[in-house]
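Trainee: Could you take me through one part of this structure slowly? I'd like a close look at the aromatic side chains that gather together, and then a bit of what lies beyond them.

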Amino acid sequence: MKQQIGQRALTSLISLLGLVVLVFFLSRLTGDPAALFLPVDASEEMRQNFRALHGLNDPIVVQFGNYMADLARGDFGESLRRARPALDIVLEAFVWTLQLALITMSLVAVAAIFVGSVAAFTVGSKFDRFASLLSLVGASAPDFWVAILAIVLFSLQLGWLPTSGTGTIWHWIMPVAVLFIRPFGLILQVVRGSMLSALGSPYVKTARAKGVKSKSIIFVHTLRNGMLPVITVMGDQAAALLNGAVVVESIFGFPGVGKLMIDAILQRDFNVILAAIMVTALAIFIMNLLIDLSYALLDPRIRK
Amino acid sequence: MKRGKYLAATLLAAAAMAGPAMAQDSEVTIVLSEELDLIDPCMATRSNIGRVVLQNISETLTELDVRGDGGVMPRLAESWELVDENTWRFMLRDGVTFSDGTAFDAGDVVHSFERTQSDANSCEISRYYEGIDMQLTAVDDLTLDIRTDPAQPIMPLLMTLLTIVPSETSMEFTRDPIGTGPYQLTEWNVGQSIRLERRDDYWGEASDVSAATYVFRSEPSVRAAMVQTGEAHIAPSISALEATNPATDFSYPNSETTYLRIDQMTAPFGDVRVRQALNMAIDREAFIGTILPDGSIPAVAVVPPTTLGWNGDLTTVDYDPEGARALLAEAKADGVAVDTEFMVVGRIGNFPGATELYEAITAMLTEAGFNAKLQMVEVAEHEQFYSRPYVEGTPYLIGAQHDNSRGDPVFSMYFKYHSEGRQSGVYDERVDALIDQATAATGDEREALWSELFALLHDEIVSDVLLFHMVGFARVSESISFTPTIATNSSLQLSEIGLE
């Protein structure tokens, strides 16, 4: 097991390095940040000064060498626009995204597993059909539209919730609810399918024949075996959230990493782009590791 | 049902106690379109930074009267006079202190200017003093001489742009702006909000608003909704689509002019008939009230009508596709390659409806016999087409917006129309000479020269396809009194807000 983790860490480190090299050179191909930071009528002298100030006048290979040397010392460089260390900016934003992702995925896990299991157990019933419809709607609703609709309904019409921002628990309700919908729809479907096939397997038939209670069949025998595909999909969905929920963060004014990354790309804020990519990549790597570990916990065969 | 009502009441009560988002008594909340990346006074000409910093935290020696026609008004300078052709003397206000308690004097002005010119930062304000050799001298604590070469007749106007910081301020960008203004920065929650509080020791009249919180929302419908629900008092920019409530929604000229620049050095645009035909091919009226909001004005110059030297005699080119075709045929007969394919380059998201506007224009040009195709590009790519050295290969017309709310064409004309200007497509000695003369002239002569330049560019040279002076929309809560003006695009003085 330890060896597996070690191997995984090594391959992830190599991919992370590859990512840094790729993003470093690709981002520098996209254009001159001086053109975006300075006003259109800025003089050539101002542009030269800006580039000199940020080391953008050196040949690109020298820039890369400097960047990697700084990185080795744990220095991610300064933001070109904000006159602050890039890593600080990214970590501040990442904390918001992490909270959003954690809260949302915990709620999704509980709700989707519960509804999906019950639907599988009562397959063909009204509840099952309703759950399937819910899942379809959830998986296909565009979050931009849902978010605006939610603001119109709950803030403008009913006046129950603040439109956007942070500060109180009420500010979290709409963003979490909007982010909840899609993974809930997808995972509910996976839970249902996986549980159905588990329920049809010989060991469940045996358990039923022995007179084991339904509750026990669902929650003790089937759930554990049906969880592997569910965890895989949940991992994908959680990774998408960690990468930043750009639309939802933008609409609700959440200062998360998704919006930060998009802004940084549009503004050619190279150091922030790189720092944001490294931080999210690291987070996704850690999450994948946790998923592997949970596989091992659920299925003894994987442990060996 | 009862339960639902109970829940609603509980939520409502909780929302009312929700803290910073809900303003109380004399505090206001202002919702801006994007997060502030910097808050340095020397970047205050950037619109959202200006709305927070300019004349709330920082002050300038003079200010431009945008509500009346008072011209340049005193602020930190009480008066000024011309000592000789090249030297202005400013008499500074006594008893002014910065928010850190230090006294304001002429040395601070000298430092503020030097700071904008320093290599240790990339201050935007410096561009307004480019090409001028400026010597600032503190004669005594309250007297400042500015000696320039060449002479600067509009020095008092140029001083509306120099934000004053204490002489202790380092050359690098600061995150703690200190100014002499009526408010001071008390809180900056990065990514979320900025809070300003009123100063007790401000030299001028105390304003009604005791504190202001600025929040950032990129979605225009959310900004509009926030004023409607009472979470904010002013949303300085909402979209035309949202501006449907006459009680709260204002339209105001936002000092932007939309136009297509013609580069006369590329064929077939060297021929004046082709340039005239471009202008005649576009039905400007058709855009107003459809793609663009009512209130947009067909443009005859690259600066808005509030600018010095505005020439009221100039008229918009009438829509005349037949006439355009006839002119093209005439040019073709003389050997001009009017069939040459060219691009109309527009910037994605430049203003609401930008893509649709450029699509329609390209269609109109094609209709009139031009071989035009549309190319929408994002901001960094647009900049490559917009500024020298221009993109070579296919000829193109570039669609762009220019902002001049500063009252004088000097901030526009050199770089837009001088042969050496960074974004000029005009190469004409008469234009160069007029720009040079007008820049150096004063009073009525200056006004007349600018006026003459506008006419020359519009009637004879046909320098651009001028499109529209644009309008912006703001939503203002009924609980305060505030009227947006052309200046709201770059500054928003809290002292102008009245509480009802």
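Mentor: Sure. A:Phe24, A:Phe25, A:Phe64 and A:Tyr67 make up one aromatic cluster, and keep in mind that this is a predicted model. Over all chains, the structure has 20 aromatic pairs. Take A:Phe24 and A:Phe64 to begin with: their ring centres are 5.0 Å apart and the planes sit at 70°, which is over the 60 degrees needed, so this pair is edge-to-face. The pair links distant parts of the chain, with A:Phe24 in helix α1 (residues 2-29) of chain A and A:Phe64 in helix α4 (residues 60-72) of chain A, 40 residues apart. A:Phe24 is buried, because its relative accessibility is 0% and the cut-off for buried is under 20%. A:Phe64 has a relative accessible area of 16%, so it counts as buried too.

Now swap in A:Phe25. Its ring centre is also 5.0 Å from that of A:Phe64, but the planes are at 40°, so this pair is tilted. A:Phe25 lies in helix α1 of chain A and A:Phe64 in helix α4 of chain A, so the pair ties together parts 39 residues apart in sequence. With 27% relative accessibility, A:Phe25 is partly exposed.

On to the nonpolar cores. The largest has 161 residues, and the members touching the most others are B:Leu61, B:Phe90, B:Tyr129, B:Ile194 and B:Tyr214. Chain A joins in here: its helix α5 (residues 86-121) gives the most to this core, with 16 residues. Apart from this core lies another, of 35 residues, including B:Phe269 and B:Tyr358. Back to B:Tyr214: leaving aside neighbours within four places in sequence, its contacts include B:Ile30, B:Arg51, B:Gln192 and B:Leu494.

Chain B also has an open sheet of four strands, in the order β4-β5-β7-β6, with antiparallel pairing. β4 (77-84) and β6 (133-140) of chain B are at the edges with a single partner strand each, so one side of each has no neighbour in the sheet. From one strand to the next, the twist averages 20°. β6(B) is joined to strand β7 (residues 143-149) of chain B by seven bridges, and B:Ala138 has B:Leu144 in β7(B) as its bridge partner. Lying across β5 (87-92), β6 and β7 of chain B is helix α3 (residues 106-117) of chain B, which runs at about 160° to β6(B).

How values were computed:
Residues numbered from 1 in each chain as written. Chains lettered and ligands numbered in written order. Predicted model: local features only at pLDDT ≥ 70, side-chain atom pairs only at ≥ 80, totals over all residues. Heavy atoms only, no water. Pairing = 2+ DSSP bridges. Helix = DSSP H or I, 4+ residues; strand = E, 2+ residues; numbered from the N terminus. Axes fitted to C-alpha atoms, helices over the stretch in contact; angles between N-to-C directions. Contact = heavy atoms within 4.5 Å. Core = buried A, V, L, I, M, F, W, Y, C linked by side-chain atoms within 4.5 Å. Buried < 20%, exposed > 50% of the residue type's maximum accessible area, 1.4 Å probe, protein only. Phe/Tyr/Trp six-rings, centres within 6.5 Å; stacked < 30°, edge-to-face > 60°.
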